[in-house]
There are 2 protein chains.
Amino acid sequence: MTDDLTLNMNAYLPLRDVVFHTLREAILKGDLKPGERLMELQLAAKLGVSRTPIREAIRMLEQEGLAVTMPRKGAEVAKMTLKDMEDVLEIREALDELAVRIACEKITEEQLKKLIAVKEEFEANTKSGDLKKIAESDVLFHDIIYMATGNPKLVTMLNNLREQVYRYRVEYIKNPKNYPVLIAEHEAIVEGVKNHDAKKASGAMHEHVANQAAAVKEIIQGQE
Amino acid sequence: MTDDLTLNMNAYLPLRDVVFHTLREAILKGDLKPGERLMELQLAAKLGVSRTPIREAIRMLEQEGLAVTMPRKGAEVAKMTLKDMEDVLEIREALDELAVRIACEKITEEQLKKLIAVKEEFEANTKSGDLKKIAESDVLFHDIIYMATGNPKLVTMLNNLREQVYRYRVEYIKNPKNYPVLIAEHEAIVEGVKNHDAKKASGAMHEHVANQAAAVKEIIQGQE
DNA sequence: GATACAATCATTGTATACAAAATACAGAGG
DNA sequence: CCTCTGTATTTTGTATACAATGATTGTATC
């Protein structure tokens with residue numbers, strides 16, 4: 001744990017939630033590395049709280065798949081093997097397709113406008129080269145589709161799945177040679193949704209996620 | 001909470017896990033009813049433990065969607081509206097189809113044999129009329145397919161989704177007029193899997209889940 | 001020098017204590 | 001009779017204390 005890990009206390013939330021969000025962020029950003037132990041006393045000291053909220057936050061991380069605990073040995077950040085990632089991506093493919101199919105039926109005019117706007121924003125951002133903005137607009141693009149399903153449970157699950165790929169996906173976005181493909185894929189998805197053509201949209205989404213999946217797998221293999 | 005809620009202490013597990021499983025069972029069986037408050041002191045007294053493991057178990061239930069907590073107000077058993085159930089079933093449909101598609105590719109000879117055996121066991125059980133056995137063999141039937149995917153994350157998710165429908169599904173199984181349909185659907189699924197025909201298998205699974213979905217929805221509407 | 005064993009230390013598991021917020025209720029005032 | 005308000009009680013949130021387990025280190029013996 002090389003990081004400072006300071007709490008963000010602005011809102012009035014139970015400490016367990018603040019700790020939970022802090023630790024989750026740290027894990028997703030890579031500040032807490034896979035396999036790193038999550039020691040209660042240490043985290044409590046670092047975050048300036050007692051062990052109780054730390055423990056509860058760990059229980060929550062555990063259920064989200066971001067931490068693993070061995071009884072009497074404590075918790076550690078979940079390791080992601082290539083196989084784990086493939087498993088996640090397999091599910092994500094199916095659910096992202098489902099989401100876009102539903103979105104084709106249910107999307108409102110307003111959401112559609114927003115989707116098109118964000119698609120263009122994404123394209124602009126790839127030109128500026130600001131990685132953070134690129135990632136943000138990509139996330140937003142998919143969020144709009146998720147929201148358009150009107151299925152909050154699906155949204156939660158997809159967010160959770162996306163989270164798990166997060167660390168590696170950044171690498172994918174770093175490489176500018178992927179931009180044209182990404183843009184074309186987004187374009188195809190929008191085209192499908194706009195025409196309420198579930199077949200086209202889900203096909204495009206399938207390709208989009210599958211390409212990302214392939215790239216992420218390559219990145220992981222490169223790291224091993 | 002009309003129930004006794006005694007702990008099952010046979011295995012050596014942390015109390016939080018024992019409490020978690022106990023509460024989960026109670027919720028799924030309907031002993032703890034939707035909307036019922038989960039008061040820490042009360043549960044702690046009833047289960048003979050302190051508040052700490054109770055709290056941690058509640059955090060876990062929360063992440064599984066079985067409990068909802070309002071800060072400073074406490075937790076209660078999650079209510080399932082018709083909409084919630086539709087949302088869950090929508091996801092389940094997609095993932096069950098995914099599972100059976102993968103199973104078509106990956107299932108081993110041994111698993112296939114087992115699947116056929118359990119299918120027949122299910123048929124036999126419908127004839128005997130033992131509800132518990134019917135439900136068990138139905139669960140097992142689907143479990144074999146889940147396991148055949150070789151994707152533990154998918155298995156976990158599907159189990160979780162299934163859990164959420166559990167309370168209502170029992171009603172579905174109670175009605176003997178559904179048995180011929182269920183048997184035919186299982187037959188079609190097995191047929192598809194056996195021939196590694198993903199299209200047929202996923203079509204059959206789609207119908208299977210969709211039928212159940214329709215029935216569950218009817219039951220809920222009847223209750224409201 | 002290697003191995004077995006004991007003592008010590010670090011860390012988790014559980015219980016309890018204390019603080020703060022929310023709720024329930026009773027009494028005063030209109 | 002209703003409403004408002006202040007107080008008592010309940011309940012959650014957080015911290016701390018104690019117990020038990022597991023890891024580590026050091027020492028004695030072969």
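Helices and strands here are DSSP runs, numbered from the N terminus, and a strand needs at least two residues. Keep that in mind for A:Arg37, which lies in strand β1, residues 37-38 of chain A. One caution before going on: this is a predicted model.

Let's stay with A:Arg37 for a moment. Buried or exposed? A:Arg37 counts as partly exposed, because it has 13 C-beta neighbours inside 10 Å. Its contacts, leaving out residues up to four places away in sequence, are A:Gly74 and A:Glu76. There is also a longer-range pair. A:Arg37 and A:Ala67 sit 30 residues apart in sequence, yet their C-alpha atoms are 9.4 Å apart in space.

Now the division of the chain. Chain A splits into domain 1, residues 15-77, and domain 2, residues 82-223. Their C-alpha centres lie 28 Å apart. How many residues of each domain are in contact? Four from domain 1 of chain A meet five from domain 2 of chain A. On the domain 1 side, that contact set divides into one nonpolar, two polar and one charged.

Next, the two protein chains. Chain A can be laid on chain B with an RMSD of 0.0 Å, using a turn of 180 degrees and a shift of 0.0 Å along the axis. That is the relation of a two-fold axis. The same surface serves both copies, with 100% of the contact residues of chain A recurring in chain B.

What does that interface look like in numbers? 21 residues of chain A are in contact with 21 residues of chain B. On the chain A side, the elements giving two or more residues are α3, α4 (82-106) and α7 (152-174). The largest share comes from α4(A), with seven residues. By class, the chain A side has 12 nonpolar, two polar and seven charged residues.

Now look at the core. The largest nonpolar core has 68 residues. Which residues have the most contacts inside it? They are A:Ala99 and B:Ala99. Not counting residues up to four places away in sequence, A:Ala99 touches A:Ile145, A:Tyr146, A:Thr149, A:Leu154 and A:Leu158.

One more residue pair, this time in chain B. B:Val170 is found in helix α7, residues 152-174 of that chain. B:Val170 counts as partly exposed, because it has 17 C-beta neighbours inside 10 Å. B:Val170 and B:Val216 are 46 residues apart along the chain, and their C-alpha atoms are separated by 9.3 Å.

On to the DNA. Start with strand D. It is surrounded by 16 residues. The closest are A:Leu15, A:Val49, A:Ser50, A:Thr52 and B:Gly74. Which elements give two or more residues to that surface? From chain A, α1 (15-29) and α3 (51-64); from chain B, α2 (40-47). The largest share, three residues, comes from α3(A). By class, the surface near strand D has seven nonpolar, three polar and six charged residues.

Then strand C. Here, too, the count of surrounding residues is 16. The closest are A:Gly74, B:Leu15, B:Val49, B:Ser50 and B:Thr52. The elements giving two or more residues are α2 (40-47) of chain A, together with α1 (15-29) and α3 (51-64) of chain B. α3(B) gives the most, with three residues. The classes near strand C come out as seven nonpolar, three polar and six charged.

Last, some backbone angles to check. A:Arg72 has a positive phi of about 70 degrees, although it is not a glycine. Where is A:Arg72? In the loop between β2 (67-70) and β3 (74-77) of chain A. A:Arg72 counts as exposed, because it has 7 C-beta neighbours inside 10 Å, and the cut-off for exposed is 12 or fewer.

A:His196 also has a positive phi, near 50 degrees, and is a residue other than glycine. A:His196 is found in the loop between α8 (179-194) and α9 (198-223) of chain A. With 14 C-beta neighbours inside 10 Å, A:His196 counts as partly exposed.

To close, go back to the axis. A turn of 180 degrees lays chain A on chain B, and α4(A) gives the largest share of the chain A side that touches chain B.

Technical notes
Residues numbered from 1 in each chain as written. Chains lettered and ligands numbered in written order. Predicted model: local features only at pLDDT ≥ 70, side-chain atom pairs only at ≥ 80, totals over all residues. Core = buried A, V, L, I, M, F, W, Y, C linked by C-beta atoms within 7 Å. Buried ≥ 20, exposed ≤ 12 C-beta atoms within 10 Å, placed from the backbone. Contact = placed C-beta atoms within 7 Å. Least-squares fit on C-alpha atoms with pLDDT ≥ 70 in both. Domains from an automatic or database assignment. Nonpolar A, V, L, I, M, F, W, Y, C, P; charged D, E, K, R; others polar. Near = placed C-beta within 6 Å. Helix = DSSP H or I, 4+ residues; strand = E, 2+ residues; numbered from the N terminus.
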